[in-house]
Amino acid sequence: MYTRSRNLVIGFHGCDRSVRDEIIAGKSFMKRSNNDYDWLGNGFYFWENNLSRALIFAGEKREREPNKIKESDVVGAFIDLGYCLDLLDASFLSLLKVS
């Protein structure tokens with residue numbers, strides 16, 4: 001079902017500036033998202049090659065939840081896709097079904 005991708009991508013995660021600073025300083029790790037509305041399941045969500053979109057997301061979240069994000073910012077990461085289900089690859093679309 002999964003194929004080994006030989007791609008590195010640059011991902012951007014929208015968050016609070018203090019969270020970014022803690023992660024960059026090595027004082028904490030990213031927390032895995034575990035919400036009912038996470039449409040791709042539990043894990044870490046990044047915008048691929050899109051710093052601006054990650055910053056917009058953080059701003060939108062700040063408006064919805066001002067107690068979680070006081071200053072919108074972004075963490076960037078190089079991500080090795082490894083074994084993944086690439087929903088942009090037509091050969092994987094047949095694996096999806098409506099429930």
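1. D73 and R20 form a salt bridge in this predicted model, with 3.0 Å between the closest N and O atoms. The pair joins distant parts of the chain, since D73 sits in strand β4 and R20 in helix α1, 53 residues apart.

2. The two partners differ in accessibility class. D73 has a relative accessible area of 10% and is therefore buried, the limit for that class being under 20%. R20, with a relative accessible area of 23%, is partly exposed.

3. R20 has a further partner in D21: their side chains meet in a salt bridge with an N to O distance of 2.5 Å. D21 is partly exposed, its relative accessible area being 36%. R20 thus takes part in a bridge to D73 and in a bridge to D21.

4. R17 and E71 also pair through their side chains, at 3.1 Å from N to O. This salt bridge again connects distant parts of the chain: R17 belongs to helix α1, while E71 lies in the loop between α2 (51–64) and β4 (72–80), and 54 residues separate them.

5. On accessibility, R17 stands at 33% and E71 at 44%. Both values fall between the 20% and 50% cut-offs, so R17 and E71 count as partly exposed.

6. Salt bridges link R17, R20, D21, E71 and D73 into a network. Its members include R17 and R20 of helix α1, D73 of strand β4, and E71 of the loop between α2 and β4. The structure holds six salt bridges; among them are R17 with E71, R20 with D21 and D73 with R20.

7. A separate point concerns the nonpolar surface. W39, L40, L87, L93 and L96 make a nonpolar surface patch of about 560 Å². One of these residues, L40, is located in the loop between α1 (17–24) and β3 (47–48).

8. Is L40 buried or exposed? L40 counts as exposed because its relative accessibility is 53%, and the class begins over 50%. In the salt-bridge network, by contrast, D73 is buried at 10%, and R20 is partly exposed at 23%.

Note on methods. Residues numbered from 1 in each chain as written. Predicted model: local features only at pLDDT ≥ 70, side-chain atom pairs only at ≥ 80, totals over all residues. Heavy atoms only, no water. Patch = residues over 30% accessible without salt bridge, like charges linked within 9 Å, V, L, I, M, F, W, Y side chains within 5 Å. Areas by Shrake-Rupley, 256 points an atom, 1.4 Å probe, with all protein chains shown as cover. Salt bridge = Lys/Arg side-chain N within 4 Å of Asp/Glu carboxyl O. Helix = DSSP H or I, 4+ residues; strand = E, 2+ residues; numbered from the N terminus. Buried < 20%, exposed > 50% of the residue type's maximum accessible area, 1.4 Å probe, protein only.
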